[in-house]
Amino acid sequence: MTSLFDVVVPTIGRPSLGRLLGALAAQSVPFQGRIIVVDDRADGRPVDASLAGAVEVLGSHARGPA
């Protein structure tokens, strides 16, 4: 049985984001859902494109906890 779920990662540009996304990608069971990064930085800088891949990145523009 395969479970379908999404993973939402709130961030304000944490340096460990690449490590986290890499760990999710390296899982032994294929991931069936979406990985959504909600970036809460006020300046609107994009999340590093090399991290994006199959990751959906949303900006919340400092409106509070992502």
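This briefing describes the fold, the buried residues and the salt bridges of a predicted protein model. The protein has two helices and three strands, and along the sequence these elements follow the pattern β-α-β-α-β. Of its 66 residues, 24% are buried, and the mean pLDDT of the protein is 75.

**Confidence**

- A pLDDT of at least 70 is reached by 77% of the residues, while the mean values of the elements run from the lowest, 52 in α2, to the highest, 87 in β1.
- Where pLDDT is low, the predicted coordinates should not be read in detail.

**The sheet**

- The three strands make an open sheet whose order is β1-β2-β3 and whose pairing is parallel; β1 and β3 are the edge strands with a single partner strand each, so one side of each has no neighbour in the sheet.
- Averaged over the sheet, and with direction ignored, neighbouring strands are turned by 20° against each other.
- Between β1 and β2 the parallel pairing comprises five bridges, and across this pairing Val7 stands opposite Ile35 in β2, while Pro10 stands opposite Val38 in β2.
- Between β2 and β3, which also run parallel, there are five bridges, and Asp39 is placed opposite Gly59 in β3.

**Burial along the strands and around α1**

- In β1 the side chains alternate, with Val7, Val9 and Thr11 buried and pointing to one face, whereas Val8 and Pro10 point to the other face and are not buried.
- In β2 five of the five residues are buried, and both of its faces are covered, with Ile35, Val37 and Asp39 on one side and Ile36 and Val38 on the other.
- The buried residues of α1 are Leu17, Leu21 and Leu24; viewed down the helix axis they fall within an arc of 55°, so they line one face of α1.
- Asp40, which is located in the loop between β2 and α2 (49-52), is also buried, because its relative accessible area of 12% is under the 20% cut-off.
- The C-alpha atoms of Asp40 and Leu58 are 8.7 Å apart in space, although the two residues are separated by 18 residues in sequence.

**The largest nonpolar core**

- The largest nonpolar core has eight residues, namely Val7, Val9, Leu17, Leu21, Leu24, Ile35, Val37 and Val55.
- At least two residues of this core come from each of β1, α1 and β2, and α1 gives the largest share with three residues.
- Several members of the core recur in the burial patterns described above: Val7 and Val9 are on the buried face of β1, Ile35 and Val37 lie on one side of β2, and Leu17, Leu21 and Leu24 are the buried residues of α1.
- As a general background to such a core, nonpolar side chains in soluble globular proteins tend to be buried together.

**Salt bridges**

- Searching the whole structure gives two salt bridges.
- In one of these, Asp6 pairs with Arg34, with 3.1 Å between the closest N and O atoms; Asp6 belongs to the segment before β1 (7-11) and Arg34 to the loop between α1 (17-25) and β2 (35-39), so this pair ties together parts that are 28 residues apart in sequence.
- Arg34 also forms a salt bridge with Glu56, at an N to O distance of 3.4 Å, and this pair likewise links distant parts of the chain, since Glu56 lies in strand β3 (residues 55-59) and is 22 residues apart from Arg34.
- Through shared partners, the salt bridges join Asp6, Arg34 and Glu56 into one network.
- Each residue of this network counts as partly exposed, with a relative accessibility of 39% for Asp6, 43% for Arg34 and 33% for Glu56.

Note on methods:
Residues numbered from 1 in each chain as written. Predicted model: local features only at pLDDT ≥ 70, side-chain atom pairs only at ≥ 80, totals over all residues. Heavy atoms only, no water. Salt bridge = Lys/Arg side-chain N within 4 Å of Asp/Glu carboxyl O. Helix = DSSP H or I, 4+ residues; strand = E, 2+ residues; numbered from the N terminus. Buried < 20%, exposed > 50% of the residue type's maximum accessible area, 1.4 Å probe, protein only. Arc of directions from axis to C-beta. Pairing = 2+ DSSP bridges. Axes fitted to C-alpha atoms, helices over the stretch in contact; angles between N-to-C directions. pLDDT = per-residue confidence, 0-100. Core = buried A, V, L, I, M, F, W, Y, C linked by side-chain atoms within 4.5 Å.
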